Amino acid sequence: MNHTVKRKIGAKTWNEWSWGWFLIAPTMIGLIVLNFIPIIQTAYLSFFKSGDFGRGNIYIGWENYRKLIHDPQVWHAVGNTLLYTLLVVPVSIAIAMLVAVLLNGKLAGRSLYRTIYFIPMVAAPAAVTMVWRWMYNQHYGLINHGLSKLGLPAVNWTTDPQVAMLSIAVIGIWSVIGYNMVLLLAGLQEIPKDFYEASDIDGASRVRQFFVITLPLVSPTLFFVVVTTIIQAMQVFDVIYMMIDVSNPAYDHTVSLVYLFYNNSFKYSNKGYGSAVVMVLLALIMIITFFQMRAQKKWVNYM
Amino acid sequence: MAKHKYFNRILAHLVLLLGAAAMILPFVWMVLTSFKSVTESTSMNPFIFFPKTWRAENYLEVWRQNNFLVLYWNTFAMMALRVLCAVMFSAMAAYAFARLRFPGRNFFFSLVLFQMMVPTQIFIIPQYLMVDALGMRNTIFALLFPGLVSAFGTFLLRQFFMGLPKELEEAAKIDGCNIGQTFARIMLPLVRSGLVALGIFTALFSFKDLMWPMIVNTSSDAATLSSALAKIQSAFAVDYPELMAASVLAIWPMLLIYILFQRQFIEGIATSGGKL
């Protein structure tokens, strides 16, 4: 009797186990084949010099990494990627926060504004970069025309090495504001209204309310937005690829790690070196993630 | 006091209107330029904002030189298949991770989390080599390939499943449902908002993806709208009216879908952010 009960529980457990394995099987097999084996393979490839399309690989040990350290372009790419991130993350989040705070009240046309600010997010970066490139055009561009109306000199937005990264960052900021705003607005709406009413009675100014109530209470959402924006920015490719070709004089000042990875792996077909470049990106993102996790404990308030 | 409030409101509208104009201006400029002749678009004195005659030639020309119907189909097929796979497989795995107990659950879930932390470019060379080895370059399958499963989707939907009350499953069990039936008939309909959010997310990001289609589908009959634009840009380099016409042709479908389903879009993005 006792024995059969045990067997019955065993069958039930076994049933749950098999359902569990069955349900996760497609995803896990997919992740292993599409992601985990590729991580190992990319790391492995980074020790090879590869000919066309991965055929004829020659083992060269740490040579790719030695070459990488002495390759000025890699250092440019690291610097450019970090600079782009440093420009896009604070500016886009500050603007998104401002818009979100303004939209959090009972403002007329609130959902229309929200819809409009999100539009850049649904357009393909390839198309968006093309129109920006056209607006940035040195001779016929809308922006330089505007400057000349104000009596200012024309700027070589896309070819001047000192300016090109700024032009690219503007596109990056413009594209991501809506996305960050929607996330922040959702976070703001979680804050109980009584907090503001109480501080209204205390006579706190709007600015003070923002720093004392809004910012601490929205910090979990803000943290999420900061993390995702940093990771997205570190992987910048589309905008730079569409705007700056290899012959552009500003190339060295704008090439990002992912763009460099793409050029080496698929334009010059040296997948070994490309793999080494992308390993640098992985290392950088891991380091940044580590610091973010530590910072999270310091300034994020979970209610 | 009331006057002060009124002033604040005006100021808020001013700031927001300025921002909204900046958000829309590039699109307006794209459309205006696409109807101009090259001479009009490069005329500086006088500077021409509105085309004198709204000429459709640029559209006809890019339509003639590129097979847009094929591009629409490729892009749509890629998006639809990726959404289908991501939603289906992620929902299955997410339910198991959220509600079932089985050996290896924590280990496998940590793999899901780990995948989300790694930059996607690290997978690209091996994925390309796999597609190449299968002889599947320049196919719809190649476009779908990296999106067959979704760690992000698994994580996201797991959060949704965890938010459902436990009693539902117990009731289903008493009614004689097995685990598969409980999942498919009871639990799945309850996370509909999660499925919609994941679907929108997946569709949007596959539509915007540039590098993968560019690498794996090099033939122009197998390109997507994004990767075709990159090609068109290098071919038409200076003819901006035609480039803008091509851009308009590439972005209008997604823009239209967004305008029609804006509530779902924005709520989908907002909830997915809130759940992570």
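# A two-chain model and its interfaces

Chain B is divided into two domains, with domain 1 covering residues 2-59 and domain 2 covering residues 67-275. Their centres, taken over C-alpha atoms, are separated by 34 Å. Welcome to a predicted model, in which chain B meets chain A across an interface that buries about 8600 Å² between them. The points below start inside chain B, then turn to chain A, the meeting of the two chains, and the confidence of the prediction.

**Where the two domains of chain B touch**

- The contact draws 11 residues from domain 1 of chain B and 10 residues from domain 2 of chain B.
- Together, these two domains of chain B bury about 850 Å², and carbon and sulfur atoms give 84% of that area.
- Three residues stand out here: B:Met30, B:Asn58 and B:Tyr59 supply 56% of the area that domain 1 of chain B buries against domain 2 of chain B, more than any other three residues.
- How many salt bridges does the rule find across the interface of domain 1 of chain B and domain 2 of chain B? The count is 0.
- For residue pairs in polar contact, with both at pLDDT 80 or more, the number across this domain interface of chain B is also 0.
- On the domain 1 side of chain B, helix H1 (2-34), helix H2 (38-41) and helix H3 (57-65) each supply at least two of the residues that touch domain 2 of chain B.
- Among the contributors to that side, H1(B) gives the most, with 5 residues.
- Sorted by class, the side of domain 1 of chain B that touches domain 2 of chain B holds 5 nonpolar, 5 polar and 1 charged residues.

**How chain A is laid out**

- Chain A is also divided into domains: domain 1 spans 2-45, and domain 2 spans 70-299.
- Between the C-alpha centres of domain 1 of chain A and domain 2 of chain A there are 39 Å.

**Where chain A meets chain B**

- The contact between the chains involves 88 residues from chain A and 92 residues from chain B.
- A:Leu34, A:Met130 and A:Trp134 supply 9% of the area that chain A buries against chain B, more than any other three residues.
- Of the roughly stated total, about 8600 Å² buried between chain A and chain B, 79% is on carbon and sulfur atoms.
- Across the interface of chain A and chain B, the rule finds 0 salt bridges.
- Polar contacts do appear between chain A and chain B, with a count of 18 residue pairs (both at pLDDT 80 or more).
- Which helix brings the largest share of the side of chain A that touches chain B? Helix H1 (residues 2-45) of chain A does, with 23 residues.
- That side of chain A divides into 63 nonpolar, 18 polar and 7 charged residues.

**How confident the prediction is**

- Chain A has an average pLDDT of 89, and 95% of its residues score at least 70.
- Within chain A, confidence is highest in helix H3 (residues 72-103), at a mean of 96, and lowest in strand E2 (residues 58-59), at 80.
- For chain B, the average pLDDT is 91, with 97% of the residues scoring at least 70.
- Helix H7 (residues 140-144) of chain B has the highest confidence in that chain, at a mean of 97, while helix H15 (residues 262-275) of chain B has the lowest, at 81.

Terms used
Residues numbered from 1 in each chain as written. Chains lettered and ligands numbered in written order. Predicted model: local features only at pLDDT ≥ 70, side-chain atom pairs only at ≥ 80, totals over all residues. Heavy atoms only, no water. Contact = heavy atoms within 4.5 Å. Buried area = accessible area lost by both parts, 1.4 Å probe. Salt bridge = Lys/Arg side-chain N within 4 Å of Asp/Glu carboxyl O. Polar contact = N/O pair within 3.5 Å; in protein donor to acceptor, adjacent residues only side chain to side chain. Helix = DSSP H or I, 4+ residues; strand = E, 2+ residues; numbered from the N terminus. Nonpolar A, V, L, I, M, F, W, Y, C, P; charged D, E, K, R; others polar. pLDDT = per-residue confidence, 0-100. Domains from an automatic or database assignment.
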